[in-house]
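Biologist: I should like to go through this model and ask, for each term used, what justifies it. Please set each value against its criterion.

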Amino acid sequence: MQQKKIPVRRCTGCGEGKPKKELVRIVKTPEGEIVLDPTGKRNGRGAYLCKNPECLRKAQKAKRLEKAFSMQVPAEVYEAVEKELTALDG
């Protein structure tokens with residue numbers, strides 16, 4: 001019997017490939033808003049990050065979210081995502 005394939009996504013910060021369930025999805029909605037998507041099912045273009053604020057900082061420094069979403073990402077968005085990440089981390 002064939003095992004179910006586990007979806008692997010690459011972290012935008014550190015570049016490591018990890019199972020999708022271990023990462024957090026950040027979405028650019030069709031309206032152009034950038035939000036954290038804890039369900040992983042929101043409509044729009046997604047980018048994945050480890051649940052580690054350090055990976056978010058790496059992504060911000062290298063402007064990787066800007067590249068993924070083809071738009072400027074305001075500092076407030078990074079701050080909001082970092083707050084939510086630290087809340088998730090517990």
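Modeller: Let us begin with Lys-20, which is placed in the loop between β2 (17-19) and β3. The model is predicted.

Biologist: Why is Lys-20 called partly exposed?

Modeller: The relative accessible area of Lys-20 is 30%. Buried requires under 20% and exposed requires over 50%, so Lys-20, at 30%, is partly exposed.

Biologist: Which residues does Lys-20 contact beyond its neighbours within four places in sequence?

Modeller: Those residues are Pro-7, Val-8, Arg-9 and Tyr-48. Contact here means heavy atoms within 4.5 Å. As for Val-35, its C-alpha lies 17 Å from that of Lys-20, with the two positions 15 residues apart in sequence numbering.

Biologist: Where does Lys-20 stand with respect to the largest pocket?

Modeller: Lys-20 is one of the residues nearest the centre of that pocket, together with Lys-21, Pro-38, Thr-39 and Gly-40. The pocket has a volume of about 340 Å³, and 15 residues line it.

Biologist: What makes the lining seven nonpolar, two polar and six charged?

Modeller: The division follows residue type. Lys counts as charged, Pro as nonpolar, and Gly as polar. Applied to the whole lining, this gives seven nonpolar, two polar and six charged residues.

Biologist: Which strand gives the most to that lining?

Modeller: Strand β3, residues 23-28, gives the most, with three residues. Arg-25 is located in strand β3.

Biologist: How do you know that Arg-25 and Asp-37 meet in a salt bridge?

Modeller: Their side chains come to 2.9 Å, N to O. The criterion is a side-chain nitrogen of Lys or Arg within 4 Å of a carboxyl oxygen of Asp or Glu; the pair at 2.9 Å therefore qualifies. The salt bridge links distant parts of the chain, with Arg-25 in strand β3 and Asp-37 in strand β4 (residues 34-37), 12 residues apart.

Biologist: Are the two partners buried or exposed?

Modeller: Arg-25 has a relative accessible area of 10%, and Asp-37 has 3%. Buried means under 20%, so Arg-25 is buried and Asp-37 is buried.

Biologist: What else does Arg-25 reach or touch?

Modeller: The Arg-25 side chain reaches the backbone oxygen of Gly-44 at 3.1 Å. Leaving out residues up to four places away in sequence, Arg-25 touches several residues, among them Val-35, Leu-36, Gly-40, Arg-45 and Tyr-48.

Biologist: How many salt bridges does a search of the whole structure find?

Modeller: The search finds three. Besides the pair already described, Arg-57 forms a salt bridge with Glu-54, their closest N and O atoms being 2.9 Å apart. Arg-57 also meets Glu-82 through its side chain, at 2.8 Å, N to O.

Biologist: Why is Arg-57 said to tie together parts of the chain through Glu-82?

Modeller: Arg-57 lies in helix α1 and Glu-82 in helix α3 (residues 75-89), so the pair ties together parts that are 25 residues apart in sequence. Salt bridges with shared partners join Glu-54, Arg-57 and Glu-82 into one network. By contrast of position, Arg-57 and Glu-54 are three residues apart in helix α1 (residues 53-61), and are thus separated by about one helical turn.

Biologist: What makes these three residues partly exposed?

Modeller: The relative accessibility is 38% for Arg-57, 39% for Glu-54 and 25% for Glu-82. Partly exposed lies between the limits of under 20% for buried and over 50% for exposed, so each of these values falls in that class.

Biologist: What is the phi of Lys-63, and where is the residue placed?

Modeller: Phi of Lys-63 is near 55°, a positive value in a residue other than glycine. Most residues other than glycine have a negative phi. Lys-63 is in the loop between α1 and α2 (64-69).

Biologist: Which other loop residue has a positive phi?

Modeller: Ser-70, in the loop between α2 and α3, has a phi near 50°.

Biologist: Why is Ser-70 called exposed, and Lys-63 partly exposed?

Modeller: Exposed means over 50%. Ser-70, at 64%, passes that limit and is therefore exposed. Lys-63, at 45%, does not reach it but is above the range for buried, so Lys-63 is partly exposed.

Technical notes: Residues are numbered from 1 along each chain as its sequence is written. This is a predicted model: local features need pLDDT of at least 70, side-chain atom pairs count only at pLDDT 80 or more; totals for chains, interfaces and linings use all residues. Side-chain values use heavy atoms; hydrogens and water are left out. On a 1 Å grid over the protein atoms alone, a cavity is a set of points where a 1.4 Å probe fits but cannot get out, and a pocket is an open set with protein on both sides within 12 Å along at least five of seven lines; lining residues have an atom within 4 Å of a point. Grid points are joined across faces, edges and corners, and a volume is the space filled by probe spheres set on the points. Helices (H or I, at least four residues) and strands (E, at least two) are DSSP runs, numbered from the N terminus. Buried means under 20% relative accessible area, exposed over 50%, partly exposed in between (1.4 Å probe, protein chains only). A polar contact is a pair of N or O atoms within 3.5 Å; within protein, one must be able to donate a hydrogen and the other to accept it, and residues adjacent in sequence count only if both atoms are side-chain atoms.
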